[in-house]
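Please open the complex in your viewer and keep the sequence panel visible. The tour proceeds by selection, with a short account of what is found at each stop.

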Amino acid sequence: MLVQQVVNGLTIGAIYAVVALGLTLVYGVLRILHVAHAGIYALGGYLGVATYARTHSLVLAFATATAGSGAAGWLVQRWIYLPLLSQPRIVPLIASIGLYIALEDLFRLVAGPYSLAFSARLPVGPLTMGSVTFTPAQLLVAAVGAPLLAVAWWVLTRTKVGLAWRALADDPPMAAATGVDVGRAVGLNVLLGSALAGAAGVLVGVFFNAVEPTMGSVPAYKGLAIIVLGGLGSYAGAVAAALLLGVVEAVAIGTVGLLPRDALAFLALIAILLVRPQGLWGRR
Amino acid sequence: MPAGLGLYHVTVAITAAIYVILAIGLNIIAGYAGQPSLGHAAFWGIGAYAQALLVTRGGLSFWEALPLSALTAGLVGALLGAISIRLREDFLAITTIGINFVVVSVFLYTPFFGGSLGIGGVLPPTLGGTALTKPAYLGLVALVVAGLAVLDIWLRRTWLGVGWTALREDEVTAETCGVDTRRFKIIAFVLGTALAGLAGGLYAHFIQFVEYRDFGFPASVAILSMVAVGGLGTLRGAVVGAVLLTVLPEAFRVVSDYRMLLYGATLVLVMRYQPSGLLGPGSWLGRALDRRLVHPPRRVEPRPHLPAPALAAGSDGRPVLEVRGVSKRFAGLWAVRDVSVEVRRGEIVGIVGPNGAGKTTLFNVICGLLPPDGGQVLLDGRPVHGLRPSEIARSGVGRTFQITRPLAGLSVLMNVVVALGHAHYPRPWRRLRRAADPAVLERAWAILERTGLADHAHVPARALPLGMQRRLEVARALALDPTVVLLDEPLGGLAAAEIEEMVALIRALRDEGRTLLVVEHNMPVAMRLCDRMVVMHYGEKIAEGPPAQVQADPRVQEAYLGRLGVR
């Protein structure tokens with residue numbers, strides 16, 4: 001029972017992780033609390049479900065979602081974030097919130113207020129190992145989520161552009177002085193982060209068999225809670241915090257029943273920050 | 001009420017007025033004091049629930065309960081203020097979101113607060129036995145708004161308001177100007193959240209039914225958007241933003257299906273093209289208004305009989321500043337190790353050494369920005385280590401920064417005025433005195449004359465070239481009327497002529513009895529300027545004495561030039 005809850009929690013946590021990793025990437029180079037990331041994520045869900053309805057191909061659904069979300073994210077940073085970097089931090093934050101509100105309403109206007117079913121036919125059946133059962137959707141999350149995180153990890157740690165991102169996160173003027181093409185690095189960063197969000201949108205759509213206008217409203221702030229918990233700017237911290245939160249939520253709800261789930265996450269966040277103001281894995 | 005104003009208009013007007021109160025409160029926290037708050041609606045809710053409970057169960061009248069509701073919200077706000085001291089900017093922003101969620105869940109999941117049913121039966125207030133009608137209530141709320149506007153304008157001009165602005169512009173600089181930023185943050189949170197509580201109390205009697213839904217995170221976002229769209233940090237912005245964003249969605253009802261899309265797009269477009277808000281200080285409208293309405297204080301010619309500094313000139317041999325065995329370690333690396341320095345009144349002591357020798361760290365320990373890991377700092381024989389930087393600044397230690405830290409958005413004149421408030425900041429009632437009164441302005445102008453900045457008094461500090469920024473650093477330190485001045489590379493990056501001016505200024509300060517500690521890289525100038533030099537290398541003091549003696553010291557030559565010859 002507990003093991004099953006942990007597995008369920010890890011599945012949700014893996015989706016959180018894909019969303020949160022994109023959010024941390026953007027935070028790292030732009031220092032912006034990118035609330036509209038949740039809108040980009042919902043966009044991925046819609047692109048995915050629309051593509052799947054026409055082609056019945058999950059591969060194509062993921063492809064259009066990642067491409068579309070990545071492009072949308074790139075446009076957002078070019079048009080809104082870059083010109084606002086010298087402003088007080090609250091300015092891009094409000095712009096981001098406004099963008100999220102507008103996107104959510106746009107989805108409602110275009111696709112209707114109700115949730116669209118995303119009943120993808122998966123090539124595998126449920127897998128039972130001892131007392132634990134993996135649903136096909138869970139297997140899909142594992143099969144897509146893990147490689148996505150691995151690719152992101154590889155880009156971050158093994159490529160030149162990943163190095164540029166880490167340099168930018170550490171000391172932007174110094175990074176620029178050592179020859180980092182800031183515009184290109186930031187663009188690629190948001191592109192990758194948003195593509196991850198798009199893929200997460202499809203995963204969530206398939207996992208819950210639903211894509212709806214408000215699907216981003218919980219990730220919008222929970223994503224922020226996760227990256228803060230992980231210690232703003234720490235990539236590993238964000239992934240770890242996402243998995244942890246997924247498991248804690250699943251276990252708590254499995255054992256206690258109905259709970260103020262979101263408040264719980266934030267209560268934990270506040271308690272942890274009071275003890276460790278730099279987050280669980282953050283540096284001071 | 002004029003005919004033609006239906007109940008609908010009255011309702012919208014009351015709603016707008018309540019949002020204006022909320023926006024004024026948030027503007028104090030986020031605009032004046034510069035602290036991010038994304039959970040303002042929580043305090044609105046706390047006020048509303050407090051009012052509803054006090055009236056329906058406590059049997060208090062509207063008038064008795066209203067101050068208590070504001071007080072309740074303010075007390076919880078003090079808690080948030082205390083948290084804000086520990087957390088860096090973005091961590092604090094997210095924490096305030098968290099507080100909003102937690103508070104709303106408490107309302108929702110606690111039977112005491114009526115759970116999902118909320119608390120009903122909050123009747124309209126009575127005045128002289130008769131219940132107030134909606135239009136009369138609008139009059140009452142409008143009166144409250146007017147009163148708060150007056151309060152806001154007055155606060156802005158007091159030392160409290162000046163301290164907040166300094167805190168917003170640069171926390172570290174504010175501390176070195178004598179502003180105890182912790183206290184000023186807490187006051188801002190208490191005042192801002194108390195106003196939210198007041199708005200909550202008024203809202204409870206207006207809506208007559210208090211429900212958790214109204215006070216969630218989206219409401220906080222709405223309030224913050226009002227302040228940001230109107231113009232963060234200005235009263236007019238808070239008022240206009242609140243009215244605009246209350247009325248706009250009502251106007252959008254005509255195109256009701258696109259309401260939220262238009263609302264979101266408005267936020268994006270205003271932030272993108274008028275980032276300081278429609279009426280903010282840097283916006284088109286704001287600048288046009290400021291040109292007409294704001295007149296910078298006129299230049300005051302200092303009177304010739306301006307009181308001379310009360311310091312005895314010349315060195316009397318008594319140590320003013322004693323650094324005893326101070327150490328500071330960063331992650332296992334000793335930045336400063338067991339350094340002792342004695343500085344006598346009227347001396348210019350140079351702290352020299354190669355890069356990374358620990359000179360700036362030593363300064364940061366002396367002025368309280370870093371707590372020492374060991375050792376003592378004594379000012380006039382009194383230990384000051386462990387005190388807040390602002391306390392050390394107020395007890396007579398002024399400092400400048402190597403990388404200049406002006407209060408960038410303030411004028412040069414106001415930069416100096418901030419530091420002139422050092423006598424007022426620690427005392428609650430003196431904080432409420434008007435800051436820029438004629439006596440203060442006269443002193444500020446005198447300091448600007450002395451540092452050669454008078455012709456640039458109204459320029460925003462961020463627009464100053466480096467040479468003048470260095471002089472502004474000195475001017476701010478002087479405004480503290482310091483006995484000891486710590487100058488961190490005051491000549492760095494200056495042109496030859498500017499160096500001579502600065503050297504003359506430093507000598508003049510010594511001649512009026514001040515004591516100076518100077519970190520300097522430029523050895524020839526340092527040798528010429530200083531009475532005595534302390535040489536640091538890898539965090540330790542390796543030599544001390546008159547410049548010529550220090551220069552001849554083989555250890556010093558080795559530190560600067562490396563060991564010559566082969567090992």
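**A guided tour of the two chains**

B:Q208 is the place to begin: it sits in the loop between α8 (181–207) and α9 (217–230) of chain B. Its phi is positive, about 65 degrees, although B:Q208 is not a glycine. Is this residue buried, exposed or partly exposed? B:Q208 has 14 C-beta neighbours inside 10 Å, and therefore counts as partly exposed. Please bear in mind throughout that the model is predicted.

Next, select B:E489, in the loop between β9 (484–488) and α18 (496–511) of chain B. Here too a residue that is not a glycine has a positive phi, of about 50 degrees. B:E489 has 20 C-beta neighbours inside 10 Å and for that reason counts as buried, 20 being the number at which a residue is so classed.

Now move to B:R157, which belongs to helix α5 (residues 134–157) of chain B. With 14 C-beta neighbours inside 10 Å, B:R157 is classed as partly exposed. Which residues does B:R157 contact, once its neighbours within four places in sequence are left aside? They are B:R434 and B:A435. For a distance across the chain, select B:A477 as well: B:R157 and B:A477 are 320 residues apart in sequence, and their C-alpha atoms are 22 Å apart in space.

Before leaving chain B, colour the chain by pLDDT. The mean for chain B is 90, and 95% of its residues reach 70 or more. Among the elements of chain B, helix α2 (residues 40–56) has the highest mean pLDDT, 97, whereas helix α21 (residues 554–561) has the lowest, 80. Where pLDDT is low, the predicted coordinates should not be read in detail. For the complex, the predictor gives an ipTM of 0.91 and a pTM of 0.91.

Turn now to chain A and display the whole chain. It has eleven helices and two strands, in the order α-α-α-α-β-β-α-α-α-α-α-α-α along the sequence. Its C-alpha atoms fill a box of roughly 55 × 45 × 35 Å along the principal axes. The radius of gyration of chain A is 18 Å, which agrees with the value near 19 Å for a compact globule of 284 residues. Of these 284 residues, 55% count as buried. Among contacts in chain A with a separation of 6 or more, 79% join residues 24 or more positions apart.

Within chain A, select helix α4 (residues 90–111). This helix of 22 residues reaches 31 Å from its first C-alpha to its last, close to the 32 Å expected at 1.5 Å a residue. Because 18 of the 22 residues of α4(A) are buried, the helix is largely enclosed by the rest of the structure. Just after α4(A) comes A:G112, with a positive phi near 90 degrees.

Finally, display both chains and select their contact, which takes 33 residues from chain A and 36 residues from chain B. On the side of chain A that touches chain B, α4, α9 (217–229) and α11 (261–275) of chain A each supply at least two residues. Which element supplies the largest share of that side? It is α4(A), with twelve residues. By residue class, the side of chain A that touches chain B divides into 28 nonpolar, two polar and three charged residues.

Key
Residues are numbered from 1 along each chain as its sequence is written. Chains are lettered from A and ligands numbered from 1 in the order in which they are written. This is a predicted model: local features need pLDDT of at least 70, side-chain atom pairs count only at pLDDT 80 or more; totals for chains, interfaces and linings use all residues. Helices (H or I, at least four residues) and strands (E, at least two) are DSSP runs, numbered from the N terminus. The expected span of a helix is 1.5 Å times one less than its number of residues. A residue is buried if 20 or more other C-beta atoms lie within 10 Å of its own, exposed if 12 or fewer, and partly exposed in between; C-beta atoms are placed from the backbone. Two residues are in contact if their C-beta atoms, placed from the backbone, lie within 7 Å. Ala, Val, Leu, Ile, Met, Phe, Trp, Tyr, Cys and Pro count as nonpolar, Asp, Glu, Lys and Arg as charged, and the others, Gly among them, as polar. The radius of gyration is taken over C-alpha atoms; the globule rule is 2.2 Å times the number of residues to the power 0.38. pLDDT is the predictor's confidence in each residue, from 0 to 100.
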